[in-house]
Amino acid sequence: MAAWVGVCAGVAAAAVLGAGGVAVADDGGQHGKSVRPGYTMTTDGVFAGKKKATTAFTYDKKLVPVGSWVEVGQRTAVDGATTVTLRAKGLKAGHTYGVHVHTKPCAADPAAAGGHYQHRPSTDPSAVNPRNEVWLDFTADGKGSGKATAHHDWGFRKGGASSVVIHDKPGSSGARVGCFTVPFGWTTAR
């Protein structure tokens, strides 16, 4: 069985987040009453402007309005297989967004979130793809809501994944229009 080190992240995930969300973590039965071993986390936040935000920042108020909402979940099995989910409400209706897991936490400067998290880090442009990264692109419905799910047979490295960045267009790049800091868990399983 793979060594599991995401339990520490679970303790951190239980903290109340400044954007109004709460993360709930499952430590695989180590200290709780879980029936599914691994790491499970769900956290949510409300987007605010650069001066008031603490975990959910909007950089383009037309595409990610102040007061819009985001929820991110993670389920990582003991073998490292990971599913990341995203739900959003209050965004620009009908717009298609690109969403990726990034390496650093959010801040007032959109660049603070760093680059895309990559399972196999590389400077080769061909490594920027949904098999090596977590892509959660979606189109907001007529009410501005959307959701996406990404499944991988690998998990995050400790300290490697810290946020979800919303881009103005789908695919591998685009302007950063929103950012949400997320307490992702990690595994040593490969």
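## Strand S10

Strand S10 covers residues 176-181 of this predicted model. How many of its six residues are buried? Five are, so the strand is mostly covered; buried here means under 20% relative accessible area.

## Partners of S10

S10 pairs with strand S3, which spans residues 56-58. The two strands run in the antiparallel sense, and three bridges link them. One contact point can be named: phenylalanine 57 has cysteine 179 of S10 as its bridge partner.

S10 also pairs with strand S9, residues 163-167. This pair is antiparallel too, with five bridges. Here histidine 167 has arginine 176 of S10 as its bridge partner.

## The whole sheet

Where does S10 sit in the sheet? The order is S3-S10-S9-S6-S7, which places S10 between S3 and S9. These five strands make an open sheet, and their pairing is antiparallel.

Why do S3 and S7 each have one side without a neighbour in the sheet? Both stand at the edges, and S7 spans 138-139. Each has a single partner strand, so one side is left free of a sheet neighbour.

## Confidence in the model

The chain has an average pLDDT of 86. A score of at least 70 is reached by 81% of the residues.

Residues 1-34 need care: their pLDDT stays under 50. The model still gives this stretch 74 contacts beyond four places in sequence. Where pLDDT is low, predicted coordinates should not be read in detail.

Methods
Residues numbered from 1 in each chain as written. Predicted model: local features only at pLDDT ≥ 70, side-chain atom pairs only at ≥ 80, totals over all residues. Heavy atoms only, no water. Buried < 20%, exposed > 50% of the residue type's maximum accessible area, 1.4 Å probe, protein only. Helix = DSSP H or I, 4+ residues; strand = E, 2+ residues; numbered from the N terminus. Pairing = 2+ DSSP bridges. pLDDT = per-residue confidence, 0-100. Contact = heavy atoms within 4.5 Å.
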